[in-house]
Amino acid sequence: MITTEISLSQYSAMSWLVQLFLLLCCTKCSLSWVHEHTRGQVWPLPRYISYQNTLNYINPANFSFKKITNNTCPILEEAVKRYTDVIKKMLPHHHHQWQGCSDGESLQEVLVALTGPCEEWPYLHMDEHYEVHVNRPDYDNLTIVSSSSVWGLLRGLESFSQLVTPSTDAAGCLVLNSTDILDYPRFKHRGLLLDTSRHYLPVSVILNILAAMEMNKMNVFHWHIVDDESFPYQSITYPSLSDKGAYDPKTLIYTQNNVKSIIEYARLRGIRVIPEFDSPGHTKAWGGGANKLLTACFTNGSFNGEFGPIDPSRSQNFKFVRTLLEEVKSVFPDKYIHVGGDEVQFGFQCWMSNPTVTQFMKDNNITSPENLEGYYMNQVLDMVYNINASAIVWEEVFKHGDPLHNDTVIQIWRSNRTEMLNEVTKEGKYALLSQGWYLDHISDQWQDFYKIDPTDFNGTVAQYQLVLGGEACMWGEMVDETNIVSRIWPRASAVAERLWSQKVVGKTAPAPRLNEHVCRMKQRGVAAQPANGP
C-alpha cells in the first residue's frame, strides 16, 4: 500500500505506463493515497460471485449490448443506452493518444436477456434477481446479463459495469475477469430520505442523487418534500400553499413538471418515489396558504401570535387534508404515501391552550393530547386507505396504540432499535429501520452505519419477514446543493450494502471495495467524499 506523496519531479520522470496506471487506478480521485482499493469488484457485494483468472478485454469504441428478447420497453431501451455510455466513457478523455485495443481479441458484445414481461412501475415486491456470466464455457464463451424482470436487468447491468475497469497492461482497453454472479437483494425496501424543505434542492441535484442511488442499488426515494420551514410542492388543488409557504414562490418550488421529471428519472432506474406529507405537526409552512388550518396558540386566555399543529377540532381541516392526499395519490404512482405523525408532542401545549380544541376534546371524550393525536391520525389513515393507497408512518403512531391496517409500515427512527423492531413485528406490523442511519449526524462514519443490521433483535422467523428493510435519512438543516451529495455518499453506500447483501459478507472486506466505489462514483459525476482517511 502506498502511503507517501509523489513529488512533481518524480512524477514527471515516470514512464508513461506508470502514469497511465496512476490515472486509471484513481481516475478523478486525489493522488493523496490513503488506503488500498480493489479493481473491478462490485458494490453492494453480490450474494454469489466467483472470479476466474481469465482476462477479457473491451475496446470501448466498438462495444455494445445486444438485446435478445421480444419483451422490451422504454426502461430497458434507456438502460442499454445508459450503460453503453458508461462503458464508452470509462477511459480517460485522452486515451486516443495510446495504442488502441485490438478488436480481434476483445469482448465486443454483451447479451441482455429479459425472460419475463417488462413491467412499467417499480413496486414493493418487484423481482430484482439477476445473473451475469462473463465468457462462460458452458455459454459458448458468451457474456450475458439475464433476468426474468426488467428490475433485475437494471441491477445486473450495474453490476456488469462495475466489473469493468481500464486495463493497466493493454493501453486503450478496458478489462474484466471472467465472472459468474447470481444475485438478489436481502431486503425489498432500500431507501434514501431526502429533505427538500429546510433547504431547497435544485432538480439537477436530486437527479444526481437518484443516479447515485442506482449505482448503489437503492430502490426507494423517500421524498420529504415539505415541512415547517417551507412548502415547495406546487399543488394543483391548493396553489396558495407554495405561493405562501415556499422560500420563493417563483423559483424555489417543484412544479408539476419538475415532479413528473423526477418520478420518470427514478422509474427508469427502478426507483420508487414515496412522497411524505407529514402532519399534524411539521406543518407551519402550510398555514399561510390554508386559512384556519393550524391551531392558534393561547397564553393566559389570549392568542399569542403563534400557531401549532393542524387543528383537529375543525372538520373543514380534514376535508382539506383528504383533498390534498387525493391529489398526491394522483401525482405519485406508488402505492405508499408517508403521512408522518412524528414529534406532535411539541405542539401539545398549543393544543391544550386553545379553548376550542379543549372543548372539542371534552365533547368527544378525548382525555389527553396523545389521544387527540391518535384521533387525528386515525382520520388521516382512513383517508389513505379510502383512496386505495397504503401508509407509512413514523414510530410514534404505533407507540400511541393507534389502530393500523395490516399493510401500514412503521418507520423506526428514535427508539432503541432492537426493542422497537421486536415490538412492531411482534404485533404483526411491517417495519423499516432508520435509527442509526441518520446522515445529518456527521460524526457517524460509514463504518458506524455498516455495523447496523435490521434483524439484530431476538425475534422469530415470522418477525424477521416483516422487516421490509430501511432508509438512510438526509435531513436538510445543514445541507444544500453545495454539500449534500458528499454528505450522503459514500456513507449511504454502507446502508445500501447492509440492505442488499447477505448479513455476513464473509472474507470480502468492505473498505477496499468502498474505496474503489468512491472512485467509480466520482468518475460518473457523483461528488462522493473520501471513504477513509489517512
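**A hairpin, a parallel sheet and a buried serine in a predicted model**

Strands β11 and β12 form a hairpin with 2 residues between them, and Asn-300 in the turn has a positive phi of about 55°. Helices and strands are DSSP runs numbered from the N terminus, a helix (H or I) having at least four residues and a strand (E) at least two. The pairing of β11 (residues 294–299) with β12 (residues 302–310) is antiparallel and covers 4 bridges; two strands count as paired if DSSP finds at least two bridges between them. Within this hairpin, Ala-296 has Phe-307 of β12 as its bridge partner.

The model is predicted, with local features requiring pLDDT of at least 70 and side-chain atom pairs counted only at pLDDT 80 or more, while totals for chains, interfaces and linings use all residues. Residues are numbered from 1 along each chain as its sequence is written, and side-chain values use heavy atoms, with hydrogens and water left out.

Turning to the protein as a whole, its secondary structure comes to 18 helices and 17 strands. The C-alpha atoms fill a box of roughly 85 × 50 × 45 Å along the principal axes. The radius of gyration is 26 Å, which agrees with the value near 24 Å for a compact globule of 534 residues; this radius is taken over C-alpha atoms, and the globule rule is 2.2 Å times the number of residues to the power 0.38. Of the 534 residues, 58% are buried, where buried means under 20% relative accessible area, exposed over 50%, and partly exposed in between (1.4 Å probe, protein chains only). The accessible surface comes to about 22,000 Å², and carbon and sulfur atoms hold 50% of it; areas come from the Shrake-Rupley method with a 1.4 Å probe, and for residues only the protein chains shown count as cover. Among contacts (heavy atoms within 4.5 Å) with a separation of 6 or more, 74% are between residues 24 or more positions apart.

The UniProt record, an unreviewed entry, places the feature "domain: Glycoside hydrolase family 20 catalytic" at residues 187–502. UniProt positions follow the numbering used here, feature names are shortened, and annotations may be inferred rather than shown by experiment. In the model, this span is 38% helix and 18% strand, and its end C-alpha atoms lie 10 Å apart.

Strand β17 offers a good view of the interior. This strand (residues 467–474) is largely enclosed by the rest of the structure, because 8 of its 8 residues are buried. Strand β17 runs parallel to β8, with 6 bridges joining the two, and Leu-193 stands opposite Cys-473 in β17. Strand β16 (residues 430–433) is also parallel to β17, through 3 bridges; here Leu-433 has Gly-470 of β17 as its bridge partner.

What follows β8 is equally worth a look. Ser-197 sits in the loop between β8 (189–195) and α5 (203–215). This serine counts as buried because its relative accessibility is 0%. Leaving aside neighbours within four places in sequence, the contacts of Ser-197 include His-224, Asp-227, Asp-228, Glu-229 and Tyr-247.

Helix α5 itself is mostly covered, with 11 of its 13 residues buried. Among the buried residues are Val-203, Ile-206, Leu-210 and Met-213, together with Glu-214. The end C-alpha atoms of α5 are 19 Å apart, which agrees with the 18 Å expected for 13 residues at 1.5 Å a residue; the expected span is 1.5 Å times one less than the number of residues. Lys-217, which follows α5, has a positive phi near 60°.

Some backbone details deserve mention too. A cis peptide bond with omega of about -5° joins Trp-43 and Pro-44, and Pro-44 lies in the loop between α2 (16–25) and β1 (48–58). Another cis peptide bond, between Trp-489 and Pro-490, has omega of about 10°; Pro-490 is in the loop between α16 (484–488) and α17 (491–500). Asn-365 is not a glycine, yet its phi is positive, about 55°. This asparagine lies in the loop between α10 (355–363) and α11 (369–386) and counts as exposed at 66% relative accessibility. Asn-388, in the loop between α11 and β14 (390–394), has a positive phi near 65° and is exposed, with a relative accessible area of 54%.
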